[in-house]
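The following exercises are to be worked with the sequence and the coordinates at hand. Each task is followed by a solution in steps.

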Amino acid sequence: MYGLIGKMTAVEGQRDALTAILLERIPNLVGCISYVVAHDPGDDSAIYVTEIWTSEDAHRASLQVQAVKDAIYKALPLVATFSDARVTTPVGGMGLG
């Protein structure tokens, strides 16, 4: 499995709008096991995204899906900063079988 944990900071006052874009359902994301968007309760602009994929290749392939490209295009103007994403190797847990 392949995991990513990323943090982004929304433009002031745009966290809810950015979150809505991140949560739009994109069908047929082959290999996506888990995709969770979370707010930082201590920072009104911070969003964390945690993803689990069957493989790094599955994640890379998802970035070529037109609906994903469109969502990224819509989201970028609402992002003030990206923090370095952390790559993880999920080894198990609830929902991972």
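**Exercise 1: The pairing of strand β1**

In this predicted model, strand β1 (residues 2-10) and strand β3 (residues 46-53) run antiparallel and are joined by eight bridges.

Task. Determine which other strands are joined to β1 by bridges, and name a bridge partner for each.

Solution.
1. Begin with the pairing already stated: within β3, Glu51 is the bridge partner of Leu4.
2. Turn to strand β5 (residues 86-88), which runs antiparallel to β1 and is joined to it by three bridges. Here Thr88 of β5 stands opposite Gly3.
3. Strand β4 (residues 79-82) is likewise antiparallel to β1, with three bridges between them. Val79 in β4 is the bridge partner of Ala10.
4. Finally, consider the accessibility of β1: seven of its nine residues are buried, and the strand is thus mostly covered.

**Exercise 2: The buried side of helix α1**

Task. Identify which residues of α1 are buried, and establish what they pack against.

Solution.
1. Apply the cut-off for burial, which is under 20% relative accessible area. The buried residues in α1 are Arg15, Leu18, Thr19, Ile21 and Leu22.
2. Examine their directions around the axis: these residues lie on the same side of α1, because they cover an arc of only 160°.
3. List the partners: the buried residues of α1 pack against β1, β2, β3, α3 and β4.

**Exercise 3: The largest nonpolar core**

Task. State which residues touch the most other members of the largest nonpolar core, and list the contacts of Ile47.

Solution.
1. The largest nonpolar core has 14 residues, of which Met8, Leu18, Ile21, Leu22, Val37, Ile47 and Val49 touch the most other members.
2. Assign the core to elements: at least two of its residues come from each of β1, α1, β3 and α3.
3. Leave out residues up to four places away in sequence; Ile47 then touches Gly6, Lys7, Met8, Arg15, Leu18, Thr19, Leu22, Val37, Ala38 and His39.

**Exercise 4: Two salt bridges**

Task. Locate the two salt bridges in the structure and describe where the residues of each lie.

Solution.
1. Recall the principle: side chains of opposite charge can pair when their charged atoms come close.
2. In one pair, Glu24 forms a salt bridge with Lys74, and the closest N and O atoms are 2.9 Å apart. Glu24 belongs to the loop between α1 (15-22) and β2 (32-39), and Lys74 to helix α3 (residues 66-75), so the salt bridge ties together parts that are 50 residues apart in sequence.
3. Check the accessibility of this pair: Glu24 is partly exposed at 37% relative accessibility, and Lys74 is partly exposed at 42%.
4. In the other pair, the side chains of Glu56 and Arg60 form a salt bridge, at 2.5 Å from N to O. Both residues lie in helix α2 (residues 56-62), where they are four residues apart, about one turn of the helix.
5. Repeat the accessibility check: Glu56 has a relative accessible area of 34% and is partly exposed, and Arg60, at 48%, is partly exposed.

**Exercise 5: A loop proline**

Task. Decide whether Pro41 is buried or exposed, and give its location.

Solution.
1. Pro41 is found in the loop that lies between β2 and β3.
2. The cut-off for an exposed residue is over 50%. Pro41 counts as exposed, because its relative accessibility is 83%.
3. For its position relative to Glu12, the C-alpha to C-alpha distance is 15 Å, and the two residues are 29 residues apart in sequence.

Conventions
Residues numbered from 1 in each chain as written. Predicted model: local features only at pLDDT ≥ 70, side-chain atom pairs only at ≥ 80, totals over all residues. Heavy atoms only, no water. Salt bridge = Lys/Arg side-chain N within 4 Å of Asp/Glu carboxyl O. Buried < 20%, exposed > 50% of the residue type's maximum accessible area, 1.4 Å probe, protein only. Pairing = 2+ DSSP bridges. Arc of directions from axis to C-beta. Contact = heavy atoms within 4.5 Å. Core = buried A, V, L, I, M, F, W, Y, C linked by side-chain atoms within 4.5 Å.
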